[in-house]
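Colleague: I should be grateful for a close look at the domain arrangement of this model. Please take me through it in connected form, with the local details that a biochemist should have in mind when viewing it.

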Amino acid sequence: MANSKKQTIGFQIDPYLESPKAFHFEMPLYHDFDLALGMVEEKIFELLSNRKTIDAPCIWCGKEGVFTAHEYMSDNISIPRWTTRHNGLTEIAYCCTRDTSHVYHSYYFKKGNFFSKVGQFPSVADFQIPQSEIYRKALGEEQYKELVRGISLSAHGVGIGSFVYLRRVFENLIEEARAKALAGDKNFSNEEYFNARMDEKIKIVKDYLPEFLVDNRGIYAILSKGIHSLTENECLEYFDTVKIGIEQILDEKIIQKEKADKAIRAREAIQKVHGKINGTK
Ligand SMILES: [Zn+2]
């Protein structure tokens with residue numbers, strides 16, 4: 001008994017099985033499972049029959065929403081197992097509580113122990129892209145488009161290609177720092193920089209980069225490894241981790257920019273008041 005409990009804890013769960021939100025709204029199409037494996041069957045049944053609400057952004061409301069289960073699997077897992085039934089398509093739908101015409105649909109195909117997501121509306125990309133909108137300004141139009149392309153590719157099951165776009169976004173952040181370093185530091189050597197490996201480049205321009213990027217420069221190694229030697233599925237599996245890393249870098253960039261803008265406004269205001277006081281003396 002104790003041993004089986006230990007095995008359960010040791011079981012490495014697919015990240016998309018962690019929550020109804022991850023499974024129904026974020027998992028890419030054609031992500032499949034073998035229902036004969038470990039706890040997969042029970043976990044998937046739990047997700048398909050989930051009647052609890054899901055907190056997620058509503059793309060129509062344009063803000064965070066609460067979704068209630070509208071179509072779900074209503075069955076009894078006990079005898080016989082649900083896996084012996086439900087071959088073919090299963091539709092799952094969640095409605096926004098603010099407006100029930102806002103519905104997220106997802107479709108699953110099952111044949112024996114083979115189980116796969118085969119459809120979703122709105123698409124994973126439709127769902128994820130609005131969440132990246134906040135980075136549009138920090139990235140600039142071209143880089144923002146590349147981030148969105150990366151997200152769309154990953155949402156459609158293209159792993160390696162999605163990494164190419166994320167790597168370009170990452171490289172561009174470093175390039176931006178190089179331009180700033182060149183402008184701000186008389187001793188900066190372009191030659192030394194261009195001959196350095198990425199890890200070294202980041203160290204050279206570290207004063208112009210968000211701290212998170214410098215501390216987590218391993219992200220670049222993951223991206224490069226993805227493009228050169230990881231499989232499609234491995235890239236898809238790590239996509240979110242790398243994307244979150246890049247978002248963290250952008251969050252820091254946005255905060256730095258806000259702080260700098262606020263400092264400029266404050267300085268101007270102080271000078272204005274100072275001038276007024278001196279003038280009225
Ligand atoms: Zn809504």
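Modeller: The bounds of a domain, as the word is used here, come from an automatic or database domain assignment. The model itself is predicted. For the protein chain, the assignment gives domain 1 as residues 1–122 and domain 2 as residues 131–274. Taken over C-alpha atoms, the centres of domain 1 and domain 2 are 33 Å apart. Where the two domains touch, domain 1 contributes four residues and domain 2 contributes six. On the domain 1 side of this contact, four residues are nonpolar, with no polar and no charged residues.

The overall dimensions of the chain provide the setting. The C-alpha trace spans about 85 × 50 × 40 Å along its principal axes. The radius of gyration of the protein chain is 24 Å, whereas a compact globule of 281 residues would have one near 19 Å. Of these 281 residues, 25% count as buried. The secondary structure consists of twelve helices and six strands. Among contacts between residues at least 6 apart in sequence, 59% join residues that are at least 24 apart.

Within the bounds of domain 1, helix H3 (residues 40–48) contains phenylalanine 45. This residue is partly exposed because 18 other C-beta atoms lie within 10 Å. Its C-alpha atom is 7.8 Å from that of tryptophan 82, although the two residues are 37 positions apart along the chain.

Two loop residues deserve attention for their backbone angles. Most residues other than glycine have a negative phi, and most peptide bonds are trans. Tyrosine 30, in the loop between helix H2 (20–26) and strand S1 (32–34), has a positive phi near 65°. With 12 other C-beta atoms within 10 Å, tyrosine 30 is exposed. Histidine 86 occupies the loop between strand S3 (63–71) and strand S4 (88–96), and its phi is also positive, at about 55°. Histidine 86 has 15 C-beta neighbours inside 10 Å and so counts as partly exposed.

At the end of domain 1, whose last assigned residue is 122, there is a further backbone feature. Phenylalanine 121 and proline 122 are joined by a cis peptide bond, with omega about -10°. Proline 122 lies in the loop between strand S6 (114–121) and helix H4 (124–132).

Turning to domain 2, one may begin with helix H6 (residues 141–155), which holds tyrosine 144. Tyrosine 144 is partly exposed because it has 18 C-beta neighbours inside 10 Å. Leaving aside residues up to four places away in sequence, tyrosine 144 touches Tyr135, Arg136 and Leu139. The C-alpha atom of tyrosine 144 is separated by 8.2 Å from that of valine 169, a residue 25 positions away along the chain.

Finally, helix H7 (residues 159–184) packs with helix H11 (residues 218–228) at an angle of about 145°, and their axes are 9 Å apart. The crossing of these helices is left-handed. From H7, the residues in contact are Ile160, Phe163, Val164, Leu166, Arg167 and Phe170, which meet Ile219, Tyr220, Leu223, Ser224, Gly226 and Ile227 of H11. By class, the contact between H7 and H11 comprises nine nonpolar, two polar and one charged residues.

Conventions. Residues numbered from 1 in each chain as written. Predicted model: local features only at pLDDT ≥ 70, side-chain atom pairs only at ≥ 80, totals over all residues. Axes fitted to C-alpha atoms, helices over the stretch in contact; angles between N-to-C directions. Helix = DSSP H or I, 4+ residues; strand = E, 2+ residues; numbered from the N terminus. Left-handed = near helix turned anticlockwise from the far one by under 90°. Contact = placed C-beta atoms within 7 Å. Nonpolar A, V, L, I, M, F, W, Y, C, P; charged D, E, K, R; others polar. Rg over C-alpha atoms; globule rule 2.2 N^0.38 Å. Buried ≥ 20, exposed ≤ 12 C-beta atoms within 10 Å, placed from the backbone.
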